[in-house]
Amino acid sequence: MSVDIDSIVTTEDIRKIHAEINQLVNQRFLITTLSVTISGVLLTMQIPRDAPVAGSELGAFRYMLSYLSSVLILFLFLLCHFIKGMHRICTTYLCVMNKSKWESDWDIFREKPYYGYTKPQAIIFMLLIAVMTSFPILFGFVCDLNFKPYIGLFFLIAIGMFSELLIYCMSFRGLFELSSGALKRWREVKEISQNRQK
């Protein structure tokens, strides 16, 4: 006798999954907000209290703050990306178990490009990294400073470009898409669960 696994999934299970999905979406927005806040704090740390002397060195300190800022923002983006993957795993479960018409339709809707959730957040992260990377350079030009140590300038540009490219590829090109195998895996789980119920 075949058991329909869809009928075994309880209302309480669905309620718990929806609560988890809402929490994951909220966490993504909180991380984005935290990134903006941290960037503002680290940016103000780069502004000297006294006017800089023209021709003096930009200095390793400003470069280091920009490195740290870019890397921190990149890590926050990666955390946001992992949370998105978990979010999609939960929503895919609802689709496979036929427990949410909305999630099924939303999955179909996402097949064509649209600008919601992930892409605007990625644009914010990319903008923050662009600001953190360009600030020491702009500051140096405005204050007529020497860009020594030049190795710092090289690493600043390299880290900024790497971070921008990684975020772009992950958000707009599907690189390291964590939920890509979720549909197949949930179907396997459903089949295994049905076989155990026989």
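**Notebook: loops, helix pairs and cores**

**Entry 1: Asn98.** I began with Asn98, which sits in the loop between α3 and α4 (101–109). I note here that I am working from a predicted model. I looked up the backbone of Asn98 and found a positive phi of about 55 degrees, although Asn98 is not a glycine. That caught my eye, because most residues other than glycine have a negative phi. I then asked myself: is Asn98 buried or exposed? Its relative accessible area is 55%, over the 50% cut-off, so I put Asn98 down as exposed.

**Entry 2: the loop between α5 and α6.** Next I went to Asp144, whose place is in the loop between α5 and α6. Asp144 has a positive phi too, near 55 degrees, and is a residue other than glycine. With a relative accessible area of 52%, Asp144 is also exposed. I stayed in the loop between α5 and α6 for Pro149. Which residue does a cis peptide bond join to Pro149? I found Lys148 as the partner, with omega at about -5 degrees. I marked the bond for a second look, because most peptide bonds are trans.

**Entry 3: α5 against α6.** From the loop I moved to the helices on either side. The axes of α5 (118–142) and α6 (residues 150–172) come within 10 Å and cross at roughly 175 degrees. An angle over 145 degrees counts as roughly antiparallel, so that is how I describe α5 and α6. I listed who makes the contact: α5 contributes residues including Ala122, Phe125, Met126, Ile129, Thr133 and Ile137. From α6 come, among them, Leu153, Ile157, Gly160, Ser163, Ile167 and Ser171. Sorted by class, the contact of α5 with α6 has 15 nonpolar, five polar and two charged residues.

**Entry 4: two residues of α6.** I picked Ser163 in helix α6 for a closer look. How accessible is Ser163? I read off 1% relative accessibility, and because this is under the 20% cut-off, Ser163 counts as buried. Setting aside neighbours within four places in sequence, I found Ser163 in contact with Ser70, Leu74 and Ile129.

Ile157 is in helix α6 as well. Its relative accessible area is 35%, so I wrote Ile157 down as partly exposed. Not counting residues up to four places away in sequence, Ile157 touches Thr133 and Ile137. I also checked a distance to Gln197, 40 residues from Ile157 along the chain: the C-alpha atoms of the pair are separated by 58 Å.

**Entry 5: α2 against α5.** I turned α5 around to see its pairing with α2 (11–45). Here the axes are 11 Å apart and the packing angle is about 10 degrees. That is under 35 degrees, so α2 and α5 are roughly parallel to each other. On the α2 side I noted residues including Arg28, Phe29, Thr32, Val36, Ser39 and Leu43. They meet residues of α5 including Thr118, Gln121, Phe125, Leu128, Met132 and Phe135. The class count for the contact of α2 with α5 is 11 nonpolar, five polar and one charged.

**Entry 6: the cores.** Which residues have the most contacts inside the largest nonpolar core? I found Phe77, Phe125 and Ile167, in a core of 30 residues. The elements giving two or more residues to this core are α2, α3, α5 and α6. Of these, α3 gives the most, with 11 residues. I followed Phe77 outward: apart from neighbours within four places in sequence, Phe77 is in contact with Ala122, Phe125, Ile167, Met170 and Ser171. There is also a second, separate core of 11 residues, which includes Tyr63, Phe135, Cys143 and Leu145.

**Entry 7: α3 against α7.** My last stop was the crossing of α3 (residues 60–96) with α7 (residues 182–197), where the axes come within 9 Å at roughly 50 degrees. I call α3 and α7 oblique, because that angle falls outside the ranges for parallel, antiparallel and perpendicular. The crossing of α3 and α7 is right-handed. Which residues meet here? I listed Ile89, Thr92, Tyr93 and Val96 from α3, and Ala182, Leu183, Trp186, Arg187 and Lys190 from α7. By class, the contact of α3 with α7 divides into six nonpolar, one polar and two charged residues.

Technical notes. Residues numbered from 1 in each chain as written. Predicted model: local features only at pLDDT ≥ 70, side-chain atom pairs only at ≥ 80, totals over all residues. Heavy atoms only, no water. Axes fitted to C-alpha atoms, helices over the stretch in contact; angles between N-to-C directions. Helix = DSSP H or I, 4+ residues; strand = E, 2+ residues; numbered from the N terminus. Parallel < 35°, antiparallel > 145°, perpendicular 65-115°, else oblique. Left-handed = near helix turned anticlockwise from the far one by under 90°. Contact = heavy atoms within 4.5 Å. Nonpolar A, V, L, I, M, F, W, Y, C, P; charged D, E, K, R; others polar. Buried < 20%, exposed > 50% of the residue type's maximum accessible area, 1.4 Å probe, protein only. Core = buried A, V, L, I, M, F, W, Y, C linked by side-chain atoms within 4.5 Å.
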